[in-house]
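The exercises below each set a task and then work through the solution step by step. Please keep the sequence and the model in view while reading.

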Amino acid sequence: MSRKTQQGAAERSDAVPGTRPGPVTRLRAQPGFRAAAVVFVLTVVLGAGGPAAYAFWSQSTAVTITGSTVPPLTPVPTGASCVNGWLTGRIVLPAMRTADPEARYILTFTSKRLNAPMSYALPQSIGSDGSVQPIEIGGLVAALGSTEGQKVAVNVTVKTAILKSPRDTVTRVTAGDLLFPSSEAAPLAMNYSTTERYEVPSMFCAR
């Protein structure tokens with residue numbers, strides 16, 4: 001009997017009669033099993049190490065992000081004018097097409113009858129005709145007081161700004177309430193007076 005025959009007989013003699021090799025035994029007997037097993041183990045090891053390596057990289061890598069804030073647009077409201085009507089004068093304000101939606105008109109009144117300038121913030125949607133009657137602004141007439149028929153000069157300047165506390169109504173403001181104020185447009189000249197007998201106030205554009 002040859003050596004190969006003897007080896008085959010020995011292997012057959014070790015097998016239990018009536019049984020077949022198990023799936024693992026049959027898999028191991030397939031060509032290339034060892035190489036495939038090595039690749040599988042490496043895949044599992046590398047796959048498990050990926051998240052850990054990413055976490056380590058995330059903790060040890062610093063990222064610096066820099067940026068700048070663009071200031072809101074508060075253009076100088078050029079083109080404001082004073083127009084006289086039958087009962088009073090009014091200030092016509094130019095449309096602010098390029099201004100920030102939160103921008104407000106700032107009207108400042110100065111006169112020798114005022115202890116200090118008085119400023120008011122007006123929303124962009126001040127009216128359908130884009131104008132305001134100074135005589136109707138609350139607190140202004142009371143501050144100007146009675147003139148007993150005498151005309152008193154009042155100058156009005158217009159600029160735009162953002163309010164620290166936005167309001168959608170006409171609001172008395174100070175310089176500390178304003179953010180990003182624009183330069184003032186050329187002043188508009190008006191005359192204020194009250195009648196001698198009944199002290200009815202009026203304010204017209206100076207001519």
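**Exercise 1: a small sheet**

E1 and strand E2 (residues 89–92) run antiparallel and are joined by four bridges. Here strands (E, at least two residues) and helices (H or I, at least four) are DSSP runs numbered from the N terminus, and two strands pair if DSSP finds at least two bridges between them. This is a predicted model, in which local features need pLDDT of at least 70 and side-chain atom pairs count only at pLDDT 80 or more, while totals for chains, interfaces and linings use all residues. Residues are numbered from 1 along each chain as its sequence is written, and side-chain values use heavy atoms, with hydrogens and water left out.

Task: work out the order of the strands in the open sheet that contains E1.

Solution. Begin with the hairpin that E1 and E2 form, with four residues between them; Asn 84 stands opposite Gly 89, and Ser 81 opposite Val 92. Next, E2 pairs with E5 in the antiparallel sense over two bridges, and Ser 131 in E5 is the bridge partner of Val 92. The order of this open three-stranded sheet is therefore E1-E2-E5. E1 and strand E5 (131–132) are at the edges with a single partner strand each, so one side of each has no neighbour in the sheet.

**Exercise 2: the disulfide**

Task: find which cysteines form a disulfide, defined as a pair of cysteine sulfur atoms within 2.5 Å, and state where they lie.

Solution. A search of the whole structure finds one disulfide, formed by Cys 82 and Cys 205 with their sulfur atoms 1.9 Å apart. The pair links distant parts of the chain, since Cys 82 is in strand E1 (residues 81–84) and Cys 205 in strand E10 (residues 201–205), 123 residues apart. Both Cys 82 and Cys 205 are buried, where buried means under 20% relative accessible area, exposed over 50%, and partly exposed in between (1.4 Å probe, protein chains only).

**Exercise 3: a salt-bridge network**

Task: identify which residues are joined into one network by salt bridges (a side-chain nitrogen of Lys or Arg within 4 Å of a carboxyl oxygen of Asp or Glu).

Solution. The count comes to two salt bridges. In one, Glu 102 meets Arg 104 (4.0 Å, N to O); in another, the closest N and O atoms of Asp 168 and Arg 104 are 3.2 Å apart. Sharing partners, these salt bridges join Glu 102, Arg 104 and Asp 168 into one network. Arg 104 is buried at 6%, whereas Asp 168 is exposed at 64% relative accessible area.

Definitions and conventions: A disulfide is a pair of cysteine sulfur atoms within 2.5 Å.
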